[in-house]
Every structure is written in structure tokens, then in C-alpha cells.
2 protein chains.
Amino acid sequence: MKHLPHKTIARLSQYRRALLLCLAKGKTHIFSHEIAKIQHITAVQVRRDIMLIGYTGTLRKGYNVKELIDLIGNIIDSEKRIDVCVVGTGNLGKAIINYFKGRRTKLTITAGFDIDPKKIGKKITGVPIYNVADIKKIIQEKNIRIGVMTVPGEQTTEICDMLVDAGIKGILNFTPKPVNVPHGVFLEEYDMITSLEKVAFFVKTQNEL
Amino acid sequence: MKHLPHKTIARLSQYRRALLLCLAKGKTHIFSHEIAKIQHITAVQVRRDIMLIGYTGTLRKGYNVKELIDLIGNIIDSEKRIDVCVVGTGNLGKAIINYFKGRRTKLTITAGFDIDPKKIGKKITGVPIYNVADIKKIIQEKNIRIGVMTVPGEQTTEICDMLVDAGIKGILNFTPKPVNVPHGVFLEEYDMITSLEKVAFFVKTQNEL
DNA sequence: AGGCTATTGTTAAAATAATAACAATGCAAA
DNA sequence: TTTGCATTGTTATTATTTTAACAATAGCCT
């Protein structure tokens, strides 16, 4: 497979969720338009994405749910578990840790970090919380490869530098402040306000029509 | 202005954040490459976006920070405040409410909804929490136009239907379950796992090289 | 069996988005 | 004043992503 578009990667992850739901319902096959409906995209796009990963469905029966789940897993999952840490265990950090609890994925949150002494040493739904000061030590000991940042804006830059220094390979930044990472570290930023303002923009323009 | 690309809308919102920061620092002008650096994009893209909204900077001095903030505001803000509600006041809901606290934007969170009697009637950083059963009444009374869903997956569909029924115009769905809305309601979905799996995919492929 | 239809797989076209290229020009320094 | 250069604004090009089009065919119905 030469190269999978970013967008396709993101959709594959979503397809899998839909497929797992179907599997749970006992469905063995699914049509492209059924997946499309769930994800609010077109059936063509689903077929095209599936084509890109080299899977082939059955004419008039659709795709084998289980096979497709496995294949998507082969592509987007790592062979081995990838350990993830969450830096900042405020509301958002807790939400993320809870969100992952009990989901079967190769991604596992194995550490949380905070500066609050009241939190350090405790656990959040099974995930131990460490002192941010020990971030490098813990990340290397546990071979953590991905860091999720949910700290307040003022600490973002400092924490990011610590993560990079500790040898982290990917960062998902939920803080409102953009960061810089050296080449070789994958960075994904997400800002809730941007999403909300986007919704608001379309609500507004629609109203004006 | 004929038509602004979705991506540009999203970036404008981010530019504004960067600009507000600069304004706070006392900067009166800013260069395209400075904005670009903050946002991890190219200066060309910044200039192009700014061109699209019809603003013109000063050669060798850059863009007037204050003017640009105002113009972006004119474009992406509503004239009037848009009221937003958050349905589900768990960790994520609380995180979002806190996140907005004290930010000056036309978007204001004016209601939270929950089913937990212990939460109903209380406030979260100033935002009153109502019973989900009263969702239609409150939304109409307060003229709330946008709903943010942070409820558990099982309740997603039901809550979504209630929001639509109450006349909401835009929905931002943070739950893991995709929803359907009728034409005329703008829907934006965000799934944290998708973001994280995307990061993991690139961490994985890079490792394999 | 034979025709009809729904569905896949794939190529082609269109739309969207990002990047490059470069003319214009105003400020700074000589 | 004049030269050089940094910076904008804009058009052109390229890359990416989505959508359309349609041939192929497996299964269903008669």
C-alpha cells in the first residue's frame, strides 16, 4: 500500500467503531451505504476508502464485518500496545481517561501526570497519577510513546518541551495554546472553541439567508 | 464575499486567538509569518486567508492587530450573542463550561443539562444546570441556538432528537456515537479516539521506516 | 434458465485546499 | 536620494480529497 490519505486514516477509525457496533448486534455483513449513513458521508467514499486498503467485499452481500474490522486493525493499530500518557488531570484529562476505560484498543493510557500533590499517587479509574517532575523518568520506564496534553494554556509550552525531551513520538494537544515540536514528533492539535465557532458560523449564515 | 472555505473559517478562529494574545502583549502590528509560526502553517496560507476576507495589511509593517481582530469578529461572530447549552455535565461537560469561562466571544454557554438530581439546580462556574426533562422549555425560553452533547453514548440519539425537537440550529457532538439531524441543522462531530488513533498511526509508520 | 437489480470496484472528473511564484512597494540604511 | 530588501497581495500551479460515472456481476425473481 503506497500511501493512505490522512482523511482516510481518520475515517477508518470511525468505520471500525460503526462496525464494532454492528458486530455486537450480530450483523455479519454490511453494505457501503449502511456505513455511509452512520458516518454521514457518501457510500462512494466508503467504498473508495475500503478499496484503498485493499479489501474486497461480496457483491450483493456487502462487506464481512469481522474481516473488515480485523483488516482496519492491521492497518491502524500497532502490533504491540502503544502506551499513552495524559498530562493534566483536570476535567478534560479525567474525561479522556474515563473515555478510554474498558475500550479494546491497542492504545492504552498507562500514566497521568499532574502538579497537584493531592492527586499525585492516586489513581483515576485505574490509571496512576505521577508528579510532572518525574515525567521523563516515567515515560522512559514505561516506554510511553504518545502524550495527550490537557493542562492550562500557561503551562503548555513547558510541558510540551518536557514531553519532547522525554522522547515522546506523538502529541495530541487539547490546550488552547499552539505548540512547536521538532521534526520527527507528530503533532495533532484540537481546539474546542474552533469547532464551536465553526458551528456558530454556519448557524449564523444560514439564519441570514 | 462569495464563499469562505470551511478550513479558512476554522483558521480565522485560531488567528484571532493568536491576535488577542499579541494585543495583550501590546503588539500593534503583526507579520503574516509571525501568525504562521504560532499556528504551524505557512505564511502564504495566512496571507491568502486574510486576502479572502478582504483585509489589507501595511507593507513592511504587517497587519494591524486590532483591526484584524475586529474584522475576523465581523465575519465569524454573530451580531448578537449566540447562546449555547451543554447537555451532560460530566467531566467533559464541565471542562467545556470552564474552558469558556471568562473568554470574550459572542458564544455564551447559558445552560447545562443533566439527569442527576444532585446536579440539577446547582451551578458550574456560573452556568445553571437544568433537568434534561425541561430541555425544550429552557432552550426556547433562552433562545439557545447551539447544543453541545457530552452525554454517554447510550443517550446520544435520544438527546439529539430532543435538541432538534426543541429547535436547536447547530449541534457539536462529542459523544462516541454518530447521530442524524434533519436538513437545516448543522452538525459537527468530534471523536477523541479518532484523533488519538491518527497520531498513533503516524507514530507507528514512522517507527517502521 | 434468463432477465432484472442492487451492489461492488475502479477509473475519470470535479471540487477543494495548499503551495509556489512573483510583481509591487514602502521602509531602512547607505 | 537611491539601493536593497522584506513584505504584501494575487495569480498560477500543484496536490489532495471528494464526487460522479459506469462496467461487472452475484443473487433474486419469475
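Biologist: Which residues are linked in a network of salt bridges?

Modeller: The network links A:E197, B:R16, B:D77 and B:K106, where a salt bridge is a side-chain nitrogen of Lys or Arg within 4 Å of a carboxyl oxygen of Asp or Glu. Please keep in mind that this is a predicted model, in which local features need pLDDT of at least 70 and side-chain atom pairs count only at pLDDT 80 or more, while totals for chains, interfaces and linings use all residues. Residues are numbered from 1 along each chain as its sequence is written, chains are lettered from A and ligands numbered from 1 in the order in which they are written, and side-chain values use heavy atoms, with hydrogens and water left out.

Biologist: How many salt bridges are there over all chains?

Modeller: The count comes to 23 over all chains. One of them joins A:K66 to A:D70, with the closest N and O atoms 3.3 Å apart.

Biologist: Where do A:K66 and A:D70 sit in the helix?

Modeller: Both belong to helix α4 (residues 65-76) of chain A, and because they are 4 residues apart there, about one helical turn separates them; helices here are DSSP runs of H or I with at least four residues, strands are E runs of at least two, and both are numbered from the N terminus.

Biologist: And A:D83, is that buried or exposed?

Modeller: A:D83 is buried, at a relative accessible area of 7%, given that buried means under 20%, exposed over 50% and partly exposed in between, using a 1.4 Å probe and protein chains only. A:D83 forms a salt bridge with A:R81, whose closest N and O atoms are 2.9 Å apart.

Biologist: Switching to the DNA, which residues are closest to strand D?

Modeller: Of the 24 residues that surround DNA strand D, the closest are B:S32, B:R47, B:G57, B:L59 and B:R60, and a residue counts as near when one of its heavy atoms lies within 4 Å of the strand. Sugar and phosphate make up 60% of the strand D atoms that come within 4 Å of the protein.

Biologist: What does the side chain of B:R47 reach?

Modeller: An N or O atom in the side chain of B:R47 is 2.7 Å from a base oxygen of DNA strand D. In chain A, a polar side-chain atom of A:R48 lies 3.2 Å from a base oxygen of that strand, whereas the side chain of A:Q45 has an N or O atom 3.0 Å from a sugar or linking oxygen.

Biologist: Which helix gives the most to that surface?

Modeller: That is α3(A), which gives 4 residues to the surface near DNA strand D.

Methods:
Polar contact = N/O pair within 3.5 Å; in protein donor to acceptor, adjacent residues only side chain to side chain.
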